[in-house]
Amino acid sequence: MSHSAVSQAAAVSVSIGNEASLRRSVVFKQKNTISFNSKPWSSSLALNQRRTSIRDSKRYTNSTIRMSVQQTSSSSKVSVSPIELEDPKDPPLNLYKPKESYTAKIVSVERVVGANAPGETCHIVIDHDGNLPYWEGQSYGVIPPGENPKKPGAPHNVRLYSIASTRYGDFFDGKTASLCVRRAVYYDPETGKEDPSKNGVCSNFLCDSKPGDKIQITGPSGKVMLLPENDPNATHIMIATGTGVAPYRGYLRRLFMENVPNYNFGGLAWLFLGVANTDSLLYDDEFSNYLKDHPEKFRFDKALSREEKNKKGGKMYVQDKIEEYSDEIFKLLDNGAHIYFCGLKGMMPGIQDTLKRVAEERGESWDSKLSQLRKNKQWHVEVY
Ligand code: FAD
């Protein structure tokens, strides 16, 4: 289906900096259609945008852009544009490749964890000017600047990052993508001291980057974490550790924050998030707002491993929360729910063991249940 002329208006209040906040109005007019195969596709767009000065004056400043968007009322959704981003039947894939990457620009880098979080995680907004469209659940590749130490003269290898925004981006205009990046730091096991020469190349480049900096992007890639939208009443059970929450932030903004034409979510979204402590919680304001505004459609369970104990007195991990609700989860899966896993690879064995044990307690074979879930395309895993 192709939308012809579209005219939308959204009034969105975005808070900038720690204290200051201001209201911005965005009015979009969009007339053209989009094809993912004719790149750069945005050159065919005549996007006539009238904005207050906030975006243009603040996007490339050092101001912190807080990601909590206060909608005009708790029940109203934010208008998005260009809605031609809904048109293609298939997701965009590998529009830009390592040998021919896209030069995008950093809009903002914001530390999104508190002082007591172990490590640093940043929310990074990237301006692709509409040239690198993606769908929720896909990843971008980033090529950090510099030489690949293993291949002198060659660029660094691509690192993948799950996209943490919807296809419309954090400014709802289809021109940005956001990443949720944890800075990889190396501590010498003998001295316990940080060794900067062994810190992660790309995550440090991203977390240290400044508004306006150029960044080489590839992709988008990935199909396994796409949000199945053929059934608007589906159940989505989302399991994450740390930055694994990135694709779910995108899903949840699409389900609850954005006014996406012809897509009105009437199902259940249930997020299980495992992090170290309260200060490590990611996008908690956004998720708490959904709980307030859509208690019948959204559930949110947190596992804080360094603050909470599981029923055996050990650390509370995400699989302990899964176990707590295992009856409901198994029933939902039996009724066709989708289950997603995203985060560090190490999360999977504990979760699989828990699911296997619960299945056996219920007199079911986990192996055959798992193969059924895979066959039905209900099982989505992206761990790294
Ligand atoms: P690298 O430079 O690649 O180093 C890797 C690790 O080795 C680091 O921990 C580094 O400290 C350590 N190291 C370096 N040198 C040495 C040495 N000499 N001896 C011992 N150790 C050393 N990450 C996110 O933060 N957010 C995401 O949303 C995200 N999504 C992903 C999605 C997918 C599909 C995949 C595959 C990965 C994803 N990742 C994500 C991980 C990301 O791609 C990178 O792997 C991660 O950021 C580390 O890359 P880096 O360049 O910083 O570290």
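**Figure 1. Pairing of β16 with β17 in the open sheet.** Two strands are taken to pair if DSSP finds at least two bridges between them, and helices (H or I, at least four residues) and strands (E, at least two) are DSSP runs, numbered from the N terminus. The model is predicted, so that local features need pLDDT of at least 70 and side-chain atom pairs count only at pLDDT 80 or more, whereas totals for chains, interfaces and linings use all residues. Residues are numbered from 1 along each chain as its sequence is written, and side-chain values use heavy atoms, with hydrogens and water left out. Strand β16, residues 338-343, runs parallel to β17 and is joined to it by five bridges, with Ile339 standing opposite Trp379 of β17. Both strands belong to an open sheet of five strands, ordered β15-β14-β12-β16-β17, in which the pairing is parallel. Its edges are formed by β15 (298-304) and β17 (379-383), each of which pairs on one side only, and from one strand to the next the twist averages 10°.

**Figure 2. Helices α4 and α6 against the open sheet.** Helix α4 packs on the sheet through contacts (heavy atoms within 4.5 Å) with β14, residues 268-275, and with β15. The direction of α4 makes about 140° with that of β15; axes are lines fitted to C-alpha atoms, for helices over the stretch in contact, and angles run from 0 to 180 degrees between N-to-C directions. Helix α6, residues 326-334, lies across β12 (235-241), β14, β15 and β16, and runs at about 135° to β14.

**Figure 3. The contact of α3 with α4.** The axes of helix α3 (residues 246-257) and helix α4 (residues 284-293) come within 11 Å of each other and cross at roughly 35°. On the α3 side the contact is made by Arg249, Leu252, Arg253, Phe256 and Met257, and on the α4 side by Glu286, Phe287 and Tyr290. By residue class, the contact of α3 with α4 comprises five nonpolar residues, no polar ones and three charged ones; here Ala, Val, Leu, Ile, Met, Phe, Trp, Tyr, Cys and Pro count as nonpolar, Asp, Glu, Lys and Arg as charged, and the others, Gly among them, as polar.

**Figure 4. The buried strand β8 and its partners.** Five of the five residues of β8, residues 139-143, are buried (under 20% relative accessible area, with a 1.4 Å probe and protein chains only), so the strand is largely enclosed by the rest of the structure. In a regular strand the side chains alternate between the two faces of the sheet. In β8, Ser139, Gly141 and Ile143 lie on one side and Tyr140 and Val142 on the other, and both faces are covered. Strand β8 runs antiparallel to β9, residues 159-162, to which four bridges join it, and Val142 stands opposite Arg159 there. Four bridges likewise join β8 to β11, residues 214-221, again in the antiparallel sense, and Thr218 of β11 is the bridge partner of Gly141.

**Figure 5. Glu84 in its loop, and the chain as a whole.** Glu84 is found in the loop between β5 (78-79) and β6 (102-111), and because its relative accessibility is 0% it counts as buried. Although Glu84 and Gly174 are 90 residues apart along the chain, their C-alpha atoms are separated by 9.8 Å. The chain has eight helices and 17 strands, and of its 384 residues 54% count as buried. Among contacts in the chain between residues at least 6 apart in sequence, 74% join residues at least 24 apart.

Technical notes: Buried < 20%, exposed > 50% of the residue type's maximum accessible area, 1.4 Å probe, protein only.
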